[in-house]
Amino acid sequence: MIAQIEGLPAGTLGFRAHGQVTAEDYENTIVPDVEAAFALNRKLRLLYVTAEDFTGFDPGAMWNDAKLGARHFSGWDRVALVTDVAWLRGTATAFRFAIPADFRLFHGTEIEEATRWITAMASS
């Protein structure tokens with residue numbers, strides 16, 4: 001399941017992943033929110049958090065994630081991933097070069113730091 005993180009400024013989206021994330025979670029929550037935000041903003045910031053009960057992604061969810069990222073390849077300003085899941089941290093580190101944004105990886109205990117970083121004003 002995916003839940004939107006409320007209270008972030010315009011142009012910043014946040015999602016918290018719980019349990020097993022499915023393709024339907026992407027289609028019903030992330031895709032509509034991201035598309036609506038891109039209709040209003042040229043660049044977006046994304047805060048993605050895995051909750052303590054996160055167990056993984058279905059193959060369809062990973063495919064939808066890849067498609068969404070490709071569709072808006074140059075539209076991401078900053079991306080913060082907050083997770084303590086070892087395989088996800090390793091994958092994010094290995095593919096960091098392919099993320100078309102300022103990307104930072106945070107541990108679960110660093111959620112406040114990640115939120116401050118993702119919402120901070122961009123430097124001129």
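User: Among contacts in the protein chain between residues at least 6 apart in sequence, what percentage join residues at least 24 apart?
Analyst: This is a predicted model. Take the contacts between residues at least 6 apart in sequence. The share of these that join residues at least 24 apart is 71%.

User: What pattern does the protein chain follow along the sequence?
Analyst: Start with the parts list. The chain has four helices and seven strands. Read along the sequence, they give the pattern β-β-β-α-β-β-α-β-α-β-α.

User: In what order do the five strands of the open sheet stand?
Analyst: Start from the edges. S1 (2–4) and S7 (102–106) each pair on one side only. The pairing in this open sheet is mixed, and the order is S1-S2-S4-S6-S7.

User: By how many degrees are neighbouring strands of this sheet turned against each other on average?
Analyst: Strands of a sheet pair through backbone hydrogen bonds, either parallel or antiparallel. Here the direction of the strands is ignored. The average turn between neighbours is 15°.

User: Which residue in S2 does Ala-3 stand opposite?
Analyst: Look at S1 and S2 (residues 12–17). The two pair in the antiparallel sense, over three bridges. Opposite Ala-3, in S2, stands Arg-16.

User: Which strands does H1 touch as it packs on the sheet?
Analyst: H1 covers residues 23–40. Its direction makes about 170° with that of S2. Packed on the sheet, H1 touches S1, S2, S4 (44–50) and S6 (76–82).

User: How far does H1 reach from its first C-alpha to its last?
Analyst: H1 has 18 residues. At 1.5 Å a residue, 26 Å is expected. The reach in the model is close to that, at 25 Å.

User: At which residue does H1 bend?
Analyst: The bend is about 35°. A proline, Pro-32, follows within four residues of the bend. Among the buried residues of H1 are Tyr-26, Val-31 and the residue at the bend. That residue is Ile-30.

User: Is Thr-22, in the loop before H1, buried or exposed?
Analyst: Thr-22 lies in the loop between strand S3 (20–21) and H1. Beyond its neighbours within four places in sequence, Thr-22 is in contact with Asp-58 and Ala-61. Its relative accessible area is 18%, and the cut-off is under 20%. So Thr-22 counts as buried.

User: Which residue forms a salt bridge with Arg-45?
Analyst: Side chains of opposite charge can pair when their charged atoms come close. The structure holds one salt bridge. Its closest N and O atoms are 2.8 Å apart, and the partner of Arg-45 is Asp-77.

User: Why does this pair tie together parts that are 32 residues apart in sequence?
Analyst: Arg-45 is buried, at 8% relative accessible area. Asp-77 is partly exposed, at 28%. The pair ties these parts together because Arg-45 lies in strand S4 and Asp-77 in strand S6.

User: Which strands does helix H3 lie across?
Analyst: H3 spans residues 86–94. H3 runs at about 155° to S7. The strands it lies across are S4, S6 and S7.

User: How many Å apart in space are Arg-89 and Phe-106, C-alpha to C-alpha?
Analyst: Arg-89 sits in helix H3 and is buried, with a relative accessible area of 18%. Arg-89 touches several residues beyond its sequence neighbours, including Leu-105, Phe-106 and His-107. Arg-89 and Phe-106 are 17 residues apart in sequence, yet their C-alpha distance is 8.9 Å.

How values were computed
Residues are numbered from 1 along each chain as its sequence is written. This is a predicted model: local features need pLDDT of at least 70, side-chain atom pairs count only at pLDDT 80 or more; totals for chains, interfaces and linings use all residues. Side-chain values use heavy atoms; hydrogens and water are left out. The expected span of a helix is 1.5 Å times one less than its number of residues. The bend at a residue is the angle between axes fitted to the seven residues ending there and the seven starting there. Buried means under 20% relative accessible area, exposed over 50%, partly exposed in between (1.4 Å probe, protein chains only). Two strands pair if DSSP finds at least two bridges between them. Axes are lines fitted to C-alpha atoms, for helices over the stretch in contact, and angles run from 0 to 180 degrees between N-to-C directions. Contact means heavy atoms within 4.5 Å. A salt bridge is a side-chain nitrogen of Lys or Arg within 4 Å of a carboxyl oxygen of Asp or Glu.
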